[in-house]
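Please open the structure in a viewer and keep the selection panel at hand. The tour proceeds in stops, each with something to select.

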Amino acid sequence: MTDSPDNGPNDDNLPQSIDASLPLQHWRLQTDDDNIVWLHLSVADSGANVLSRPVLNELDQCLDEIEKQSARALIIASDKGSGFIAGADIREFTRFNDEQQAFEQIRKAQNIFDRLAALRCPSVAIIHGFCLGGGTELALACRYRVALDEPSTRIGLPEVRLGIHPGFGGSVRLPPLIGALAAMDMMLTGRSLSARAAAKLGLINDAAPARHLLHAARTLALTAPEPTTPSWLKRLPGHGFLRPLVAPILRRRVRARARAEHYPAPYALIDLWQRYADQPNTMMVEEARSVAHLMQGDTAQNLIRLFFLQEQLKSLGRRVNFKATRVHVIGAGAMGGDIAAWCALRGLHTTLQDQTPERVAPAIKRAFALFQKKLKQPRLVQAAMDRLLPDTPGHGLANADVVIEAIFENLEAKQKLFRDIEGRMRPDAILATNTSSIPLEQMGQNLMHPDRLVGLHFFNPVAKMQLVEVVCGHNTGTETVDRAAAFTRQIDRLPLMVRSTPGFLVNRVLMPYLLEAVTLLQEGVPADVIDAAAVKFGMPVGPIELADTVGLDVCLSVAEILAQQLGGTVPEPLRKQVQDGRFGRKSGAGFFKYDKKGPIKPKSRKDYQPPADIEDRLILRLLNEAQACLREGVVSETDLVDAGLVFGTGFAPFRGGPLHYAEHRGVDALLQTFERLRQRYGERFKPDIGWTSPSPSAPMDRQADG
Ligand code: NAI
């Protein structure tokens, strides 16, 4: 709060007397005239507060001091502008030797939080910004909580997303505070809440604006009101006689989203709650035991790996300090319209150009629906609408920091457009294209400054897909690439630098997998069986449904381009669907028929015996292409290939990425399977030479320098 007074509570009346008797690096202890002890956290050398072992040990020492002083109350706050506490230090999760060591460390942290909870004096946590995982658990160990009523405040227990569940007492303390159903919902989904939503649930005592926040905390500290408890109706599902009935319902809900063999953590949490919810002391120990066990499993280790891969992608957007204010998007179709809406949602002044106002109108309508869904409050929706201007004449072009082209996928049309606009753009503006298949070198042939042309390849639907491929052609300047990546971060997407080669990374790797699925169909394997095999492996949807969702016309055109340039054939059923006007979900029918709820999948016969190698056929083609992309330097390193394919295609996250999965499975075993499939189905299963002789590729995002 002290380093960003705008984000945190106003500190005009903070106490002045600093207790210097403790040698503290991360915490600051002060006692004010009312004998309230203030504990400020600002973890040294870190942008955000995370609860590492040293930070927790210092908290333990502070508690010694507070107990000695017989303080009237304790108030805990963060001095970081970024927020209260972002969670436990995830790096430590990967360093335990075994389950026992993990268990002991978790118990230590729990004991410190237990000491905090057992203080005789009232304790209050002041929350602003991120309050997640261990941060929320620390706040739960306080008697009261107040939070800054701003959109930046997010309170949650997202541990399931890392393959574990709360381990510092969260699963023990949250249900009695807000009722079992609300608590389990928060912990099982990992979703975070705004200050207002948290106050409504009873998770915090007060959601206050910055000017009242300290006052609210002091009032609670000094008056120590009776802590609130949930109504009897909310407490009811937690009773011993009802838990055996509620737990299966919770399990069923979880099963609709995650299979137990892939994601064991939510199931472990339900078991824990069902068994021990009325024995808090035992539950605390069992919570630690369960988390220690989960933490050592493959799922948690792979999800933790993805967390760091995501951080790595984010860091690609931090190489230059570039902030766009105005964006001009040309082409208001399926992609351009949604890209413009997303930019406006993220706070940028956006102009949207197309050939006629009639073509822009549907995009503005879709944008309104998006803003309503995401922003909810009419004031914020209106502000976002004000940032998005239909602009048929293209007035916005002259002032834009970033110009994004998303017109028809046609080389001549794009070249002509670039000729028209280059002279009217600001000299320092980035020219980005959303092309999915045209090489940048060809597109930029007639540009005066081809170094500022870069690809920003968004995926459909823009609002859901986190990844954006930042496509670098031979002529793209390094500064342009770095700025494009910074822009991608600015609009809260994940940038991945890829070389301008056919299909870039994501489409190229996805295509053999989708085409193999169509070949299986052609051989008579029912579509629902093919999809089920992929989902069983851990894909979010099956390849047939995915092809329908992407659009079969789009799939066909990408498949043809890739077949032309990289070899291979396009299976006939795909061509036939497109000839018959069955483009997939958008036309109401493709390989499946669609209604408002989604695909209508005809069930295959009960006695149908699927071939045993469906999963291998699908997945190995995907792995092989990922390996080829690495070998050819489409993306510069293994980890980035994995990151791109998890965040760009949804590749089974708990497996940690395709190349990581291949390594886990063992390259020798994999090669044997390739050989078997090759003998049976032909050369498309020939393993890429990269499996046996990986060739280190040049860091591609710097290649523009030559
Ligand atoms: P679309 O056909 O839905 O929209 C194209 C829009 O551009 C139309 O509204 C058209 O009127 C407009 N347009 C054409 N020439 C123009 C010009 N000279 N000036 C202004 N507006 C013009 O196309 P879609 O699907 O949005 O694709 C756009 C680009 O995005 C293409 O390059 C495509 O390859 C790429 N892309 C498409 C994806 C998809 O799933 N549809 C995914 C990723 C990239």
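By class, which residues make up the shell around the ligand: how many are nonpolar, how many polar and how many charged? The shell has 8 nonpolar, 8 polar and 4 charged residues. Please bear in mind throughout that this is a predicted model.

**First stop: the ligand**

Select the ligand and display what surrounds it. There are 20 residues around the ligand, and the closest are Met335, Asp354, Glu409, Lys414 and Ser436. Next, colour helix 13 (334-345) and helix 16 (411-422); each of these helices supplies at least two residues of the shell.

Now examine individual contacts. Select Met335: a polar atom of the Met335 backbone is 2.8 Å from an oxygen atom of the ligand. Turn to Ser436, where a polar side-chain atom likewise lies 2.8 Å from a ligand oxygen. Then select Asn434, whose side chain has an N or O atom 2.9 Å from an oxygen atom of the ligand. How much of the ligand does the protein bury? Taken alone, the ligand exposes 830 Å², and the protein buries 82% of that.

**Second stop: a sheet of 6 strands**

Switch to a cartoon view. In general, the strands of a sheet pair through backbone hydrogen bonds, in either a parallel or an antiparallel manner. Select strands 1, 2, 4, 7, 9 and 12, which form an open sheet in the order 1-2-4-7-9-12 with mixed pairing. At its edges are strand 1 (27-31) and strand 12 (206-208), each pairing on one side only. Direction ignored, neighbouring strands of this sheet are turned against each other by 20 degrees on average.

Zoom in on strand 1 and strand 2 (residues 36-41), an antiparallel pair with 5 bridges. Which residue in strand 2 is the bridge partner of Leu29? Select Leu39 to find that partner. Then add helix 1 (residues 53-69), which lies across strand 1, strand 2 and strand 4 (73-78). Helix 1 runs at about 15 degrees to strand 1.

**Third stop: a sheet of 4 strands**

Finally, select strands 5, 8, 10 and 11. They form an open sheet in the order 5-8-10-11, again with mixed pairing. Why is one side of strand 5 (83-85) and of strand 11 (192-193) left without a neighbour in the sheet? Both strands stand at the edges and each has a single partner strand, so one side of each has no neighbour there.

Strand 11 runs antiparallel to strand 10 (residues 154-156), and 2 bridges join them. To see one pair of bridge partners, select Ile155 together with Leu193 in strand 11.

Definitions and conventions:
Residues are numbered from 1 along each chain as its sequence is written. This is a predicted model: local features need pLDDT of at least 70, side-chain atom pairs count only at pLDDT 80 or more; totals for chains, interfaces and linings use all residues. Side-chain values use heavy atoms; hydrogens and water are left out. A residue is near a molecule or strand if one of its heavy atoms lies within 4 Å of it. A polar contact is a pair of N or O atoms within 3.5 Å; within protein, one must be able to donate a hydrogen and the other to accept it, and residues adjacent in sequence count only if both atoms are side-chain atoms. Accessible areas come from the Shrake-Rupley method with a 1.4 Å probe; for residues, only the protein chains shown count as cover. Ala, Val, Leu, Ile, Met, Phe, Trp, Tyr, Cys and Pro count as nonpolar, Asp, Glu, Lys and Arg as charged, and the others, Gly among them, as polar. Two strands pair if DSSP finds at least two bridges between them. Axes are lines fitted to C-alpha atoms, for helices over the stretch in contact, and angles run from 0 to 180 degrees between N-to-C directions. Contact means heavy atoms within 4.5 Å.
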